[in-house]
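Work through the exercises below with the sequence and the coordinates open. Each task is followed by a solution in steps.

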Amino acid sequence: MTLDLFSYVILLPVAGFLVNGLLGLFNLAGWRSEARKPVVGWLASAAILVPFLILLQIFIGMAAQDKGFVTLYNWLTIETLQVNISYQVDSLSVLMGLMVTGIGFLIHVYSIGYMKHDPGFWRFFVYLNLFIFSMLNLIFADNLMLLFLGWEGVGLCSYLLIGFWYQHAFANDAAIKAFVMNRIGDFAFLIGMFLLFTSAGSLNFDAINQSVGALDPTTLFLAGLFLFIGATGKSAQIPLYTWLPDAMAGPTPVSALIHAATMVTAGVYMVARLSPLFSASPELMVVIAVIGGLTAFLAATIGLFQNDIKKVLAYSTVSQLGYMFLAAGVGAFPVAIFHVFTHAFFKACLFLGSGSVIHAMHEEQDIRNMGGLRKYLPQTYLTFFIATLALAGFPLTAGFFSKDEILFRTFASGNYLLWGLALFSALLTAVYMMRLTSLTFYGRERFDAGHKHPHESPALMTLPLWVLAAGALTVGFLGLPGVVSHSNWITEWLSPAVITAEVHATHTTEWILIGLGSVIALTGLFAGWKLYTTGLETVTRLKSGLSGLYNLVYNKYFVDELYDRLVVGPYTRLSESVLAKIENRFFYPVFGWTSSAVSGFADTLRYIQTGYTPVYLTLFIIGVIGLISLILFI
Amino acid sequence: MILSALIFIPMLAALLLILVPKEKTDLFRWIALAASSIQLVLVAFLIQNYDQSLAGINQAETYQFVEKFDWIRVSAGSYGILEITYFLGVDGLSLPMLILTALVGLIGVISSFTIDKHVKGYFISYLILLSAMTGVFVALDFFLFYLFWELMLIPMYFLIGIWGGPRREYAAIKFFLYTFIGSLLMLLVIIGLYFSYVTNPGAAPEQMVHSFSMVSMMNQQNLLPGSLLSAEHWRHIAFLLMFLGFAVKIPMFPFHTWLPDAHVEAPTPISVILAGVLLKMGTYGLVRVMMPVFPESWLYFAWGIGLFGVINILYGALAAMGQTDLKKLIAYSSVSHMGFVLLGLASLSTEGVTGAVYQMFSHGLISAMLFLAVGVIYDRAHHREIDGFGGLAKQMPVYAGWTLFAFFASLGLPALSGFVAEALVFMGSFSQPVTQNLAIVSTLGMLITAIYYLWTYQKVFTGELNPKYAGYPDLTGRELTMLSVLGAAILIAGIYPSLLTDLMTSSVNHLNDLVKSAGTASAGLN
């Protein structure tokens with residue numbers, strides 16, 4: 001494995017950021033003009049494509065157990081705390097890096113078309129490059145501190161991109177919500193990191209993973225728990241998930257790249273990177289599995305009734321992230337990464353497809369005002385449909401393999417309750433995805449076709465869709481189930497970097513589970529299609545029959561309102577009362593009256609003296625004499 | 001002689017200004033700019049020739065660029081010999097402060113170019129202030145230290161009182177009064193120390209040399225048996241009095257109320273100096289004087305100091321949250337951020353103390369940038385009401401970009417200097433059982449900080465552009481230069497902190513060891 005070119009993987013995105021950023025900020029060389037847009041866009045895309053190619057070259061030339069380090073410089077050394085800007089190239093990081101740069105490149109290209117008419121075009125690509133740079137730091141970091149730098153960097157880009165259309169108040173609210181909720185998680189992350197440092201004595205992943213055996217169980221549990229709370233922020237899990245649906249206020253390519261395919265999976269990646277640590281604490285693993293399973297279920301139910309095309313996908317992302325944590329929690333860390341990988345393809349495809357729809361419908365996002373778009377957007381429709389099948393777990397698609405593996409591993413670990421919950425959520429997934437497809441593309445047109453003129457997107461946008469759809473169909477074969485093939489490529493590939501729990505289950509059990517999974521997916525898809533094409537009246541009847549339950553779910557269980565009531569309100573009142581009551585009514589007057597008194601005194605004094613310096617000097621001298629005599633003569 | 005040159009070049013420039021006719025306003029500006037540029041070059045020379053393996057602190061021989069002359073030396077009979085020295089030197093605690101002073105001082109001059117009232121008097125005051133601040137950071141003799149400390153007060157008083165806003169006189173007097181009371185307490189203790197320490201213990205009483213050398217007072221074998229400060233309770237009392245003197249300057253809750261007033265009234269460059277350099281005098285006093293001279297008291301009160309640090313962090317942040325005046329918000333934010341210095345120093349861990357010194361440096365840059373940013377909009381709009389703006393990002397994108405950068409730096413975004421400092425403080429205080437609980441509470445402060453900055457940015461810069469501001473020009477070249485220089489410094493200090501921490505490490509380690517070991521040794525002292 002040669003890593004001569006590796007530093008360019010990190011440096012090129014930041015170079016793209018700097019070039020476009022500086023030229024754009026000062027509008028040099030007409031960088032903000034219409035004519036420069038292709039240059040800006042392709043420059044930014046190339047800054048991602050070249051790292052992808054370099055990683056591909058490294059990937060081709062490496063064996064699974066290869067591992068190399070590239071150190072740029074020493075960030076900080078204080079006694080035993082040594083942090084290097086140092087990158088770890090191993091099977092896990094290369095796979096993630098390929099995914100981020102590969103899908104990142106496709107989304108860059110798509111954005112050249114999607115953002116074509118936006119005046120902030122250059123700014124958009126600057127942020128995207130910065131995002132990829134941060135994400136690569138996060139993935140390749142060989143220590144927790146550098147990972148955290150990347151972690152916060154992607155958080156910043158997320159903030160900037162959610163609030164990209166800063167003239168809209170709701171975009172800013174969403175951006176702030178995302179940043180602050182992530183910050184809550186980040187502090188837990190910091191505490192976990194420092195706990196680890198004080199007990200394990202290092203921030204390096206290798207050193208931490210090796211010292212796991214020597215740590216006492218309580219410390220291990222607490223450190224892991226705090227890190228995991230950090231992950232619930234970034235990866236939108238209970239209780240910190242409510243920012244992600246709001247984050248859809250950002251441009252759609254951002255939702256695809258950051259809030260579906262890459263950034264939000266950072267938490268899963270971090271857990272996998274520290275898999276020896278997490279799996280050493282059985283209690284912690286239970287926590288992770290339960291949070292993952294509950295989130296998968298909760299978000300899937302909410303996804304059933306959302307009417308905004310992107311919101312459905314957002315809740316679906318939250319739900320799928322839940323599956324990934326469920327996998328991690330039952331010890332199937334490689335499977336979690338496998339699902340990260342397959343999910344990146346079909347979810348990016350879905351989001352970009354939704355972008356194409358929104359584009360065609362002139363910024364319409366409500367699926368109740370769509371329908372019948374199949375004939376206007378044939379390519380978008382077909383790719384969207386393929387990705388829907390993959391997400392629903394239609395047999396032999398990517399999602400089928402990864403999700404079934406998660407269900408199987410959950411079952412095999414003996415967590416039958418969680419398995420049941422996950423299986424039911426899989427049914428819901430198939431239903432809400434087919435509902436989304438049906439309401440968008442099938443049935444009659446619920447908009448004024450004569451006025452709207454929906455049109456297919458340009459090739460710049462549809463080509464990435466096809467590449468992603470092809471991935472959604474095929475990448476699942478990288479992880480064939482044990483009953484079919486003895487070699488599960490992805491698990492074996494990841495095995496030097498990520499540990500995995502033993503599996504105790506017969507082939508018969510696995511076959512039954514695969515069959516069950518397929519039936520569930522097909523049932524859900526059929527139900528979704530039937531109900532939301534010809535069965536709309538049944539849906540209306542069901543809704544009114546179960547109106548209490550429907551309202552609860554439709555309003556997302558009132559969690560936002562609950563947080564407002566419990567946290568935001570009291571907090572705002574506290575800060576208001578500190579200022580108004582304590583500071584203004586107590587400290588200011590008490591400490592202020594002395595100055596006012598002197599001020600008044602000085603006003604009188606002004607008639608006698610011309611300036612203050614003599615007073616000052618006199619005071620000074622009297623003071624010195626007084627003090628010296630005091631000390632000399634007591 | 002380089003340190004003397006560093007101190008006195010601004011003062012010489014001030015003398016030169018006296019000779020320049022009053023109406024040559026541009027000449028004043030350029031002379032001041034030249035003086036402060038020379039300072040920066042000299043500091044660069046210091047860094048270049050600094051040996052980072054030497055610790056300084058209580059070892060006179062490991063200070064660098066030392067200048068030491070007898071200034072006053074009189075025999076006072078049975079009291080021994082009274083000595084005042086002109087004693088300058090640099091170690092890993094003072095060097096970062098010198099870099100900060102030179103850099104922020106220069107930015108302050110550039111920012112002062114818009115001052116057009118009594119330009120001559122303004123720059124004379126400014127240059128004297130610059131000399132005094134530099135002097136404080138290199139003086140190793142208490143008398144000299146105190147002299148520079150007091151010298152700082154006078155120009156500052158006038159700079160706020162004459163060139164300030166509508167309530168400038170009130171603010172100036174409040175500033176003066178607070179600091180002056182603080183100085184008096186300090187003086188009292190300095191004199192106590194003077195009579196309690198000698199540089200040659202064991203000599204005959206007539207031969208004993210009482211010196212104002214701080215370095216000598218940091219070595220407890222120089223303590224005169226039977227003197228006032230050899231009694232532990234007196235040492236604790238002296239410690240508290242002097243601590244109060246420095247605490248006012250930091251400013252530590254509840255002595256912070258002079259700061260928002262002073263900032264609101266001070267002209268932009270003076271706010272920059274005030275937040276960027278002056279506040280650091282207080283915390284510098286803690287590391288230079290309080291910790292090494294009173295190690296056992298520092299250990300004794302460490303938790304309390306950390307507690308006040310956390311109160312600063314939280315109280316400052318909550319108070320900032322409720323502000324409607326942009327400048328006041330940043331002033332309270334300063335109160336909050338200076339709390340991290342207290343917390344880090346209280347932890348007495350290498351990471352914590354390094355973080356504290358780093359925070360002094362980092363906050364100097366960040367607050368300077370923040371006040372400059374406020375100055376930019378104040379110059380255009382003539383008000384600072386947060387709710388009175390809106391949508392400025394559209395009209396002034398470069399300005400919005402740099403302001404957001406400064407906000408993120410202040411809220412501790414990684415890869416910018418504030419994060420390094422706050423993470424180290426947090427890490428250090430978390431690792432010590434004494435301060436662990438405080439560390440956890442302090443994280444809340446960082447959360448609140450994020451909220452008030454993001455809300456402020458939202459109110460001022462996003463949304464639809466308020467038509468009142470439609471004609472505003474973006475940053476001028478001068479403004480852009482200042483913000484970019486500070487921004488670059490903040491970024492470098494964030495992505496390459498070892499540049500600065502390597503300069504500090506020996507001194508910080510030595511300081512920690514000194515405090516800890518003297519703390520245990522003092523068990524026998526009475």
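**Exercise 1. A salt bridge in chain A**

Task: In this predicted model, find which side chain A:Asp90 meets in a salt bridge, and establish where the two partners lie.

Solution:
- Step 1. The side chain of A:Asp90 forms a salt bridge with that of A:Arg273, at 2.8 Å from N to O.
- Step 2. A:Asp90 sits in the loop between strand E2 (81-89) and helix H3 (91-114) of chain A, and A:Arg273 belongs to helix H11 (residues 266-273) of chain A. The two are 183 residues apart, so the pair links distant parts of the chain.
- Step 3. Both A:Asp90 and A:Arg273 are buried.

**Exercise 2. Classifying two further pairs**

Task: Assign the partners in the A:Asp366 to A:Arg368 salt bridge and in the B:Arg235 to B:Glu296 salt bridge to buried or partly exposed, taking under 20% relative accessible area as buried.

Solution:
- Step 1. A:Asp366 and A:Arg368 meet at 2.8 Å, N to O.
- Step 2. A:Asp366 has 18% relative accessibility and therefore counts as buried. A:Arg368, at 44%, counts as partly exposed.
- Step 3. B:Arg235 and B:Glu296 meet at 2.7 Å, N to O. This pair links distant parts of the chain: B:Arg235 is in helix H8 of chain B, B:Glu296 is in helix H11 (residues 295-321) of chain B, and 61 residues separate them.
- Step 4. B:Arg235 is buried because its relative accessible area is 0%. B:Glu296 also counts as buried, at 7%.
- Step 5. Shared partners join A:Lys177, A:Asp246 and A:Asp560 into one network of salt bridges.
- Step 6. Over all chains, the search of the whole structure finds 15 salt bridges.

**Exercise 3. The interface**

Task: Describe the contact between chain B and chain A by residue counts, buried area and polar pairs.

Solution:
- Step 1. On the chain B side 82 residues are in contact, and on the chain A side 65.
- Step 2. About 6600 Å² is buried between the chains, with carbon and sulfur atoms giving 75% of this area. Helix H6 (residues 168-196) of chain B supplies the largest share of the chain B side, 14 residues.
- Step 3. The count of salt bridges between the two chains is 0, while 13 residue pairs are in polar contact across the interface.

**Exercise 4. Backbone exceptions in chain B**

Task: Locate the cis peptide bonds at B:Pro251 and B:Pro254, and the positive phi values of B:Ile57 and B:His118.

Solution:
- Step 1. Most residues other than glycine have a negative phi, and most peptide bonds are trans.
- Step 2. The bond from B:Ile250 to B:Pro251 is cis, with omega about -10 degrees. The bond from B:Phe253 to B:Pro254 is cis, with omega about 0 degrees.
- Step 3. B:Pro251 is in the loop between helix H8 (232-249) and helix H9 (258-265) of chain B; B:Pro254 is also in the loop between H8 and H9.
- Step 4. B:Ile57, with a phi of about 55 degrees, lies in the loop between helix H2 (25-48) and strand E1 (64-75) of chain B. Its relative accessible area is 0%, so B:Ile57 is buried.
- Step 5. B:His118 has a phi of about 40 degrees and is found in the loop between helix H3 (94-111) and helix H4 (119-138) of chain B. At 49% relative accessibility, B:His118 counts as partly exposed.

Definitions and conventions:
Residues are numbered from 1 along each chain as its sequence is written. Chains are lettered from A and ligands numbered from 1 in the order in which they are written. This is a predicted model: local features need pLDDT of at least 70, side-chain atom pairs count only at pLDDT 80 or more; totals for chains, interfaces and linings use all residues. Side-chain values use heavy atoms; hydrogens and water are left out. Helices (H or I, at least four residues) and strands (E, at least two) are DSSP runs, numbered from the N terminus. Buried means under 20% relative accessible area, exposed over 50%, partly exposed in between (1.4 Å probe, protein chains only). Contact means heavy atoms within 4.5 Å. Buried area is the accessible area (1.4 Å probe) that two parts lose on being put together, summed over both. A salt bridge is a side-chain nitrogen of Lys or Arg within 4 Å of a carboxyl oxygen of Asp or Glu. A polar contact is a pair of N or O atoms within 3.5 Å; within protein, one must be able to donate a hydrogen and the other to accept it, and residues adjacent in sequence count only if both atoms are side-chain atoms.
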